[in-house]
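Me: Please go through this model with me and say what each label rests on. I will ask why a term applies, and you set the value against its cut-off.

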Amino acid sequence: MNIQEYAKLLRTRWVTVAVTILVGLLGAVAVTLLTTPLYKASTRLFVSTISGSSIADTYQGNRFSQERVDSYSELLTGQTLAQRTIDKLGLDMTAAELQANVKATSKPQTVLITVEVLDSSPVRARDIANTLSDEFVVMVRELETPEDGTSPDSRVVLEQRASIPDAPSVPKTTRNIAVGLALGVLAGIGLAHVRDLLDNTVKDSDTLEEITGSGIVGNIPLDKDRRKKPAIAFDNDNSPIAEAFRKLRTNLQFLAVDNPPRVIVLTSSVPSEGKSTTAINLALALAEADHNVVVVDGDLRRPTLHKYLDLVGAVGLSTVISGQASLDDALQKSSMPGLTVLTAGAVPPNPSELLGSLSARTALAELRSRFDYVIVDSTPLLAVTDAAVLAAASDGVLMMTRFGYTKREQLTHAIANLGNVSAPLLGAVFTMVPARSAAYSYSYYYGEESGKKASGT
Ligand SMILES: Nc1ncnc2c1ncn2[C@@H]1O[C@H](COP(=O)(O)OP(=O)(O)OP(=O)(O)O)[C@@H](O)[C@H]1O
Ligand SMILES: [Mg+2]
């Protein structure tokens, strides 16, 4: 993975990364708040040994001191001394508990030993450190004094006594936060990676082209306004989404120039991929370029065009196919300029059968003779056969694929369904592409150019 792919991963998965960082930080704060504060008091011991005056004696003496320092460090954290300290101070703890909180360290090449004591009370930390050191001085004297009562070769002096520590040394707030942050960042990046590996939705142009085996003819950006008002008022609208539809219009005009498609079915793999919204706006974009357009609701199961365009839904395609109304009675002018609509009509019990009927083909043929473009909205391919049936009767199909939503297998299946009925695939359309995705910025860059060209057509 190169840097750009990495940046893209982090950009698309920034929520995951942000959440893990937050969890890391909250974890660090929780650990800090839940940790009992511990205070550290320390003393310093000086080990003095008696050495002779010759060079050999001095060398021997040095080694002797070093060995002493090492052994004393062991004894300082030993059980005997801990017990003596507890007895002396009358502490309510076991020797093991005290030992766990005592640390003795010596710098190499010195005869100094630093004793550190941790305790939840600053005063007690100081008392333990001092008493333990005092007791140690006594203990060394006992241990080092030869049996014949001569003076010992080594002794320990308490060189620096402990004072009351003013701030706790545990928890280390800054360090905890830094560790929480670092772990959060690492876990976030890791999780973003894992999610990316597990995510098998279609999210880039190459994959879309590869699976559909056709070119991308549209990249429709995500536009929250479309949820409230599906139809775009193309008049004076130069928003990215309007430009994207103009670009789709231009691309359509370049497809199959010898035999330009005029009856176009819009379908997708699964529900909610933006078929109906795209059908309406593609029709509006074509109408903007002075084409005579009708948009047909071919979704006889869950029709939406009449709702999206505020029209009456009772009479429409199903009524015309079943012979209960003529096309003239069923076609409606929408409030949008230049857009004629054929809604779905009453929901029939047998939509696939109805759409596959000769009567349906006749109706489509009649629409083709009256309009420059017949844009047909339809059902998802994986749910029912309706769309495939309509597609087979059309000049070509536009395959909607919702960015980061449709799974690769679903799209593969849907394309196979189209292939089974030998429906001509005109191209793929990416829908609801987030503005920050690379697929969108690519399309927008070119979209602007051709959008301007197209508005002049
Ligand atoms: N470009 C877009 N930006 C933002 N939201 C969109 C866009 N296109 C469609 N939507 C929203 O996505 C949802 C599904 O859109 P739409 O009804 O057009 O999809 P559909 O494929 O026709 O669904 P169905 O399969 O149910 O017929 C709707 O809430 C719609 O407002
Ligand atoms: Mg729909």
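Reply: Helices (H or I, at least four residues) and strands (E, at least two) are DSSP runs, numbered from the N terminus. Leu305 lies in helix 12. This is a predicted model, in which local features need pLDDT of at least 70 and side-chain atom pairs count only at pLDDT 80 or more, while totals for chains, interfaces and linings use all residues. Residues are numbered from 1 along each chain as its sequence is written, chains are lettered from A and ligands numbered from 1 in the order in which they are written, and side-chain values use heavy atoms, with hydrogens and water left out.

Me: Why is Leu305 called buried?
Reply: Buried means under 20% relative accessible area, exposed over 50%, and partly exposed in between (1.4 Å probe, protein chains only). Leu305 has a relative accessible area of 0%, so it is buried. Its C-alpha atom is 87 Å from that of Arg161, with the two positions 144 residues apart in sequence.

Me: What makes a residue part of the surroundings of ligand 1, and how many are there?
Reply: The criterion is a heavy atom within 4 Å of the molecule. Around ligand 1 there are 19 residues, and the closest are Asp223, Lys275, Ser276, Thr277 and Tyr308.

Me: Which classes make up that shell?
Reply: Eight residues are nonpolar, four polar and seven charged. The classes are set by residue type: Ala, Val, Leu, Ile, Met, Phe, Trp, Tyr, Cys and Pro are nonpolar, Asp, Glu, Lys and Arg are charged, and the others, Gly among them, are polar.

Me: Which helices and strands supply the shell around ligand 1?
Reply: Strand 5 (216–221), helix 9 (225–228) and helix 11 (275–288) each give at least two residues. Helix 11 has the largest share, with three residues.

Me: How do you know that Thr277 makes a polar contact with ligand 1?
Reply: A polar contact is a pair of N or O atoms within 3.5 Å; within protein, one must be able to donate a hydrogen and the other to accept it, and residues adjacent in sequence count only if both atoms are side-chain atoms. A backbone N or O atom of Arg226 lies 3.5 Å from an oxygen atom of ligand 1, and a backbone N or O atom of Asp223 lies 2.7 Å from a nitrogen atom of the ligand. For Thr277, a polar side-chain atom lies 2.5 Å from an oxygen atom of ligand 1. Taken alone, ligand 1 exposes 620 Å², of which the protein buries 89%; the areas come from the Shrake-Rupley method with a 1.4 Å probe.

Me: What makes Thr431 buried, and where is it found?
Reply: Thr431 has 2% relative accessibility and therefore counts as buried. It is found in strand 12. A polar atom of its side chain lies 2.7 Å from the backbone oxygen of Glu273.

Me: Is Asp290 buried or exposed, and why?
Reply: Asp290 counts as exposed because its relative accessibility is 71%. Asp290 is in the loop between helix 11 and strand 7 (293–297). Its phi is near 65 degrees, which is positive in a residue other than glycine.

Me: Why is Ser422 called exposed?
Reply: The relative accessible area of Ser422 is 62%, so the label is exposed. Ser422 sits in the loop between helix 18 (408–420) and strand 12 (425–433). The phi of Ser422, near 55 degrees, is another positive value in a residue other than glycine.

Me: Why is Ser272 called partly exposed?
Reply: Ser272 has a relative accessible area of 46%, so it falls in the class in between. Ser272 lies in the loop between strand 6 (263–268) and helix 11. The C-alpha atoms of Ser272 and Tyr405 are separated by 9.5 Å, although the residues are 133 apart along the chain.

Me: What makes Asp310 exposed and Thr201 buried?
Reply: Asp310 counts as exposed because its relative accessibility is 72%. Thr201 is at 9%, so it counts as buried. Asp310 lies in the loop between helix 12 (305–308) and helix 13 (317–321), whereas Thr201 is in the loop between helix 7 and helix 8 (205–212).

Me: How do you know that the peptide bond between Val170 and Pro171 is cis?
Reply: The omega of the bond joining Val170 and Pro171 is about 0 degrees. Pro171 lies in the loop between strand 4 (154–160) and helix 7 (173–198).
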